[in-house]
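I set out to record, entry by entry, what I looked up in this structure. The topics are pockets, salt bridges and one residue in a helix.

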Amino acid sequence: EALVNGSVGTAKSEFEADFSANYASLMASTAGKALADGMAAMDVRRTELTRMLIAQDTLSWMNRHVLGNVRQHAELGPMPLGSMYVEPLVIADAPDQPLPIQHWFELELARPEPSVLVVSADFGHGKSLSARYWASRLALRYLQASEPSVDCWYPVYVRASEDLTATDNTVEAIVARAMRRQANDPDGLQLGLSMRDDALTLPAGRAFVIIDGFDEIALPPAEIEKFFRMLSDESSATRRFAVLGRPESLYEAIAMAEHWRIRLSQVQPFEAELAAAWLRNWNRNNTERRSVAWEALDTAEFSELIKTPVLLFMAAFTLSDPKAKADAAEVVDATTLYESFCKTMARGKLEQSGERHKVIEKSASLLAEALEKAGWRLGAAPDDKQELLPQAMLWLMSRVAWEVYQRRDSSLRKRHIEDLLERILDLSDTHTDAVVVGSLLAL
């Protein structure tokens with residue numbers, strides 16, 4: 001039977017008023033205070049449990065696909081991060097002493113002086129895989145440690161393209177957006193949290209914030225300086241930060257490293273030993289594809305190619321195709337793979353990853369419009385953006401390469417590319433800036 005019959009006069013409002021008065025009286029009593037304390041404790045416990053769930057999800061990334069961090073890839077077989085990842089080397093303090101990147105993270109974490117770690121690497125060198133692997137390692141320790149949680153490093157993985165904005169980039173705002181995105185991931189926890197949820201904050205103890213893909217946002221130089229100054233000010237004995245991106249996006253941070261307590265490292269290409277280890281992982285995980293022999297890649301033609309992890313993937317992906325001919329290694333030459341690699345650079349992301357590089361995509365879109373207006377034909381249908389945009393960026397990359405070739409006795413500078421765009425395409429200053437930023441990131 002209904003407690004209130006809503007059709008009878010003011011019964012509903014009277015009931016609500018009586019209920020509110022009685023509730024207030026109860027909570028003011030001795031028993032009510034005990035109840036309030038218990039409810040507050042439940043809220044605190046809920047916050048802790050939510051953070052634990054997010055940490056468990058971060059740990060589960062070891063079992064997710066290396067491409068796109070998805071549970072199951074639409075086209076490729078299982079390639080879990082935990083069994084595919086090969087740790088690249090980085091150059092940090094000593095140019096002649098490269099270190100495994102995870103070991104470098106450990107060393108920096110043990111340093112008593114607070115700092116901001118900056119990891120730069122060209123496209124396809126394993127930045128994001130290393131960031132996710134490091135976050136998962138920290139999550140494992142946080143969940144399994146015998147010491148109190150406040151003494152363990154809690155990882156927060158920030159995806160710059162989604163969690164950083166043009167306006168509000170305080171640490172609190174970035175962390176809240178990153179944790180909410182992960183908590184509400186339709187392929188993950190699906191918790192349905194709002195931005196006001198108390199769980200979307202850093203814990204009282206130690207926290208390590210990893211900002212991945214810094215090149216995937218277009219911040220002006222002044223904002224980049226402001227951002228790194230803020231990170232430097234916020235870093236402490238219990239708060240650490242790492243920022244990963246392509247060199248072009250980190251110029252201000254690299255230039256001001258000494259002033260902003262920034263510790264620099266640069267990811268190196270694979271040496272033969274690491275490339276061979278990656279290929280072993282590939283063959284072990286892709287049992288439904290043809291096995292690729294190391295001898296097929298360890299040749300004069302492929303020796304430079306396999307130093308770049310993403311190119312190594314593209315070579316293995318092509319050569320392991322079950323439909324390929326038995327002599328695929330002879331048909332698929334380095335030129336074919338480099339051409340595919342150039343198209344991948346023009347997209348900004350590996351096509352199989354299902355991800356997009358928004359800065360490069362916007363740049364290519366502006367470029368395609370300008371080329372069409374100027375009468376250039378790109379060999380793709382105007383409405384086929386999936387092919388048109390990479391073709392537009394490839395056009396610019398080719399022109400820049402030609403300019404470099406012509407200036408082989410002198411440096412090609414950013415202003416030369418700007419002049420080229422204004423001369424050939426008559427772009428506005430605003431559009432020229434956006435196109436140049438995208439092309440530099442692509443290259």
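**Salt bridges between two helices**

I began with R137, which is partly exposed, as its relative accessible area is 26%. I bore in mind that the model is predicted.

I then looked for the partner of R137 and found a salt bridge with E106, in which the closest N and O atoms are 3.0 Å apart. The two residues lie in distant parts of the chain: R137 belongs to helix α5 and E106 to helix α4 (residues 101–110), with their positions 31 residues apart. E106 is partly exposed, because its relative accessibility is 22% and buried would require under 20%.

I noted that E106 also forms a salt bridge with R141, whose closest N and O atoms are 2.0 Å apart. E106 is in helix α4 and R141 in helix α5, so this pair ties together parts 35 residues apart in sequence. R141 is partly exposed, at 36% relative accessibility.

**Other salt bridges**

I searched the whole structure and recorded 16 salt bridges. One of them joins E162 and R159, with 2.8 Å between the closest N and O atoms. E162 counts as partly exposed at 39% relative accessibility, and R159 is partly exposed at 27%. I also recorded one network, in which salt bridges with shared partners join D93, E108, R111, E113 and R263.

**Pockets**

I turned next to the largest pocket, which has a volume of about 1,200 Å³. Its lining comprises 50 residues, and those closest to the centre are G68, S128, R132, K349 and E355. Which element gives the most to this lining? I found that α5 does, with four residues. By class, I listed 20 nonpolar, 13 polar and 17 charged residues in the lining of the largest pocket.

For the second largest pocket I noted a volume of about 780 Å³. It is lined by 30 residues, and I217, A218, L219, P220 and V437 lie nearest its centre. Elements that give two or more residues to this lining include α8 (221–234) and α15 (358–373). The largest share, seven residues, comes from α18. I divided the lining of the second largest pocket into 16 nonpolar, six polar and eight charged residues.

**A residue in helix α7**

Finally I looked up Q182, which lies in helix α7 (residues 171–183). Is Q182 buried or exposed? I entered Q182 as buried, because its relative accessible area is 6%. Leaving out residues up to four places away in sequence, I found that Q182 touches I54, D57, T58, W61 and L189.

Terms used. Residues numbered from 1 in each chain as written. Predicted model: local features only at pLDDT ≥ 70, side-chain atom pairs only at ≥ 80, totals over all residues. Heavy atoms only, no water. Buried < 20%, exposed > 50% of the residue type's maximum accessible area, 1.4 Å probe, protein only. Contact = heavy atoms within 4.5 Å. 1 Å grid on protein atoms, 1.4 Å probe; cavity = no way out; pocket = protein on both sides within 12 Å on 5 of 7 lines; lining within 4 Å. Points joined across faces, edges and corners; volume = space filled by probe spheres on them. Nonpolar A, V, L, I, M, F, W, Y, C, P; charged D, E, K, R; others polar. Salt bridge = Lys/Arg side-chain N within 4 Å of Asp/Glu carboxyl O.
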